[in-house]
Amino acid sequence: MKKIIISMLLPIFIGCTKSIQEQPEYKLVLNSAYHIDQRKDSIATFRCSADQDTIPSSVLKIKFINQNLIALACTHNSGYGGENIVFQLRSDLSISNVNFGYTSDTEGGKTETYKIEKFKLTLNRNPFKEGVNNLQGELSIIGKIKVDPDSWFKASFEEDLVYSSLIYCK
């Protein structure tokens, strides 16, 4: 009898293992030879707001928090929806607090949660040493999108997130 109870409870305890949360991978590459290729297949080219002569659709805002920390916010608006990417860059060129979000002009239907697994930023210069004038680069995001439908009879599901954009300040 004891063996039967143990054999019934053992799978429960084996299945209740604690999962280890993986840390996202953030990477910065400095390449002084990097130059934006406007024909590159990307979702948007984020430009510093001072560069815009017309109503911007893809804006890069750079804010120096202090001498060791820069906050960057990339906002793309296609007219039907848009992406928001916010991250921080430290003077040691480490990246932190990366957030991605998508907005849509449709109401209801689903809730999306974004999990960033890899974030890569390539810049042509160090903005702490050389400033942001003529700053050019590329960012790419790889992750997962958890979609929770707004309906009790539709199951949640997960999709891949692959995003690539360019940044440019004159």
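# A guided tour of the predicted model

Of the 170 residues in the protein, buried residues make up 33%, and the tour should be taken with the reminder that the coordinates are those of a predicted model. Begin with the whole chain in cartoon view, where there are 2 helices and 9 strands to be found. Followed from the N terminus on, these elements run α-β-β-β-β-β-β-β-α-β-β. If you switch to a surface, the protein exposes about 11,600 Å², of which carbon and sulfur atoms supply 52%. Before selecting single residues, it is worth keeping in mind that, among the contacts in the protein with a separation of 6 or more, 53% are accounted for by residues 24 or more positions apart.

**First stop: the cysteines**

Select Cys-48 and Cys-169 and show their side chains: the two form a disulfide, with their sulfur atoms 1.5 Å apart. This pair links distant parts of the chain, since Cys-48 belongs to strand β2 (residues 45-48) while Cys-169 sits in the segment after β9, 121 residues apart. The count of disulfides in the model comes to 1. Are the two partners buried or exposed? Cys-48 counts as buried at 12% relative accessibility, and Cys-169 is buried as well, with a relative accessible area of 2%. Now add Cys-74 to the selection, which is in no disulfide and whose nearest cysteine sulfur, that of Cys-48, is 9.4 Å away. Cys-74 counts as buried too, its relative accessibility being 0%.

Staying with Cys-169, select Ile-62 and draw a distance between the C-alpha atoms: the two residues are 107 residues apart in sequence, yet 9.8 Å apart in space.

**Second stop: the charged pairs**

Which side chains should be selected to see the salt bridges, of which the structure holds 2? Start with Asp-160 and Lys-144, whose side chains meet in a salt bridge at 2.6 Å, N to O. Asp-160 lies in strand β9 (residues 157-168) and Lys-144 in strand β8 (residues 136-149), so this pair ties together parts that are 16 residues apart in sequence. The two partners fall into separate accessibility classes: Asp-160 counts as exposed at 57% relative accessibility, whereas Lys-144, at 24%, counts as partly exposed.

Move next to Lys-146 and Asp-148, whose side chains also meet in a salt bridge, here at 4.0 Å, N to O. In this pair Lys-146 counts as partly exposed at 42% relative accessibility, and Asp-148 counts as partly exposed at 23%.

**Third stop: the hairpin of β5 and β6**

Select residues 81-90, which make up strand β5, together with residues 95-104, which make up strand β6: the two strands run antiparallel and are joined by 8 bridges. A useful landmark for reading the register is Asn-84, which stands opposite Gly-101 in β6. Between the strands of this hairpin there are 4 residues, and Leu-93 takes a positive phi near 65°. Leu-93 has its place in the loop between β5 and β6, and its positive phi is found in a residue other than glycine.

Where does Asn-97, which should be selected next, lie? Asn-97 lies in strand β6, and its phi, near 50°, is again a positive value in a residue other than glycine. At 46% relative accessibility, Asn-97 counts as partly exposed.

**Last stop: the aromatic rings**

Show the aromatic side chains as sticks; the structure holds 5 aromatic pairs. One of them is formed by Phe-64 and Phe-128, an edge-to-face arrangement in which the ring centres are 6.4 Å apart and the planes stand at 85° to each other. Phe-64 lies in strand β3 (residues 58-66) and Phe-128 in helix α2 (residues 127-130), so the pair ties together parts of the chain that are 64 residues apart in sequence. Phe-64 counts as partly exposed, with a relative accessibility of 42%. To finish, select Tyr-26, Phe-87 and Phe-119, which ring pairs link into a cluster.

Notes: Residues numbered from 1 in each chain as written. Predicted model: local features only at pLDDT ≥ 70, side-chain atom pairs only at ≥ 80, totals over all residues. Heavy atoms only, no water. Buried < 20%, exposed > 50% of the residue type's maximum accessible area, 1.4 Å probe, protein only. Disulfide = S-S within 2.5 Å. Pairing = 2+ DSSP bridges. Contact = heavy atoms within 4.5 Å. Areas by Shrake-Rupley, 256 points an atom, 1.4 Å probe, with all protein chains shown as cover. Phe/Tyr/Trp six-rings, centres within 6.5 Å; stacked < 30°, edge-to-face > 60°.
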